[in-house]
Amino acid sequence: MKINNAQQAVDDWIKKHGVRYFNELTNMAQLTEEVGEVARIIARRYGEQSEKESDKSKDLGEELADVLFVVLCLANQTSIDLQQAFDKKLQLKSKRDHDRHHNNKKLK
């Protein structure tokens with residue numbers, strides 16, 4: 001699914017199942033909360049912290065999808081064409097970082 005299709009799907013979902021978008025500050029707080037849940041899973045599953053029994057059933061993909069959903073909400077309510085912004089960012093990173101990572105001895 002293209003990003004602009006995902007943005008439309010989120011907008012359609014909000015119109016069908018929600019009353020309206022939460023305001024931007026509320027969505028920013030939600031985004032922070034969701035990123036925190038992703039961080040908790042990563043820190044315990046892939047980092048040095050031990051994973052609690054209650055965390056073992058957490059689905060990283062589901063939590064990443066929560067992050068994406070809120071990002072798409074924020075893009076919609078601030079009139080950002082995220083597909084255009086992403087394509088522009090990828091082009092910029094490709095130009096700027098073309099040799100950067102290949103020349104990074106830490107990555108060898």
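**Exercise 1. Decide whether Asn27 is buried or exposed in this predicted model, and list what it touches.**

Step 1. Take the relative accessibility of Asn27: 3%.
Step 2. Apply the cut-off: buried means under 20%. Asn27 therefore counts as buried.
Step 3. Place the residue. Asn27 sits in helix H2, residues 24-45.
Step 4. List the contacts, not counting residues up to four places away in sequence. Asn27 touches Phe22, Val70, Cys73, Leu74 and Gln77.

**Exercise 2. Find the residues of the largest nonpolar core and the helices that supply at least two of them.**

Step 1. Collect the members. The core has 8 residues: Ala6, Val10, Ile14, Tyr21, Leu72, Cys73, Ala75 and Leu82.
Step 2. Assign helices. At least two residues of this core come from H1 (3-17), and at least two from H3.
Step 3. Look for another core. A second, separate one has 7 residues, including Leu31, Ile41, Leu60 and Leu74.
Step 4. Zoom in on one member of the largest core, Ile14. With neighbours within four places in sequence left aside, Ile14 contacts Val19, Arg20, Tyr21, Phe69 and Cys73.
Step 5. Link back to Exercise 1. Cys73 and Leu74 are both touched by Asn27. Cys73 belongs to the largest core, while Leu74 belongs to the second.

**Exercise 3. Describe how H1 and H4 pack, from axes to residues.**

Step 1. Choose the descriptors. Two packed helices are described by the angle between their axes and the distance between the axes.
Step 2. Read them off. The axes of H1 and H4 come within 7 Å and cross at roughly 150°.
Step 3. Classify the angle. Angles over 145 degrees count as roughly antiparallel. H1 and H4 are therefore roughly antiparallel to each other.
Step 4. Add the handedness. The crossing of H1 with H4 is right-handed.
Step 5. Name the residues. Ile3, Asn4 and Gln7 in H1 meet Leu82, Gln83 and Phe86 in H4.
Step 6. Sort by class. The contact has 3 nonpolar, 3 polar and no charged residues.

**Exercise 4. Characterise Thr78 and Ser79 in the loop between H3 and H4.**

Step 1. Fix the loop. Ser79 lies between helix H3 (60-77) and helix H4 (82-96). Thr78 is in the loop between H3 and H4 too.
Step 2. Judge exposure. Ser79 has a relative accessible area of 69% and is exposed. Thr78, at 39% relative accessibility, counts as partly exposed.
Step 3. Check the backbone. Phi of Ser79 is near 60°, a positive value in a residue other than glycine.
Step 4. Relate Thr78 to H1. Gln7 is in H1. The C-alpha atoms of Thr78 and Gln7 are separated by 12 Å, and the two residues are 71 residues apart along the chain.

Notes
Residues numbered from 1 in each chain as written. Predicted model: local features only at pLDDT ≥ 70, side-chain atom pairs only at ≥ 80, totals over all residues. Heavy atoms only, no water. Helix = DSSP H or I, 4+ residues; strand = E, 2+ residues; numbered from the N terminus. Buried < 20%, exposed > 50% of the residue type's maximum accessible area, 1.4 Å probe, protein only. Contact = heavy atoms within 4.5 Å. Core = buried A, V, L, I, M, F, W, Y, C linked by side-chain atoms within 4.5 Å. Axes fitted to C-alpha atoms, helices over the stretch in contact; angles between N-to-C directions. Parallel < 35°, antiparallel > 145°, perpendicular 65-115°, else oblique. Left-handed = near helix turned anticlockwise from the far one by under 90°. Nonpolar A, V, L, I, M, F, W, Y, C, P; charged D, E, K, R; others polar.
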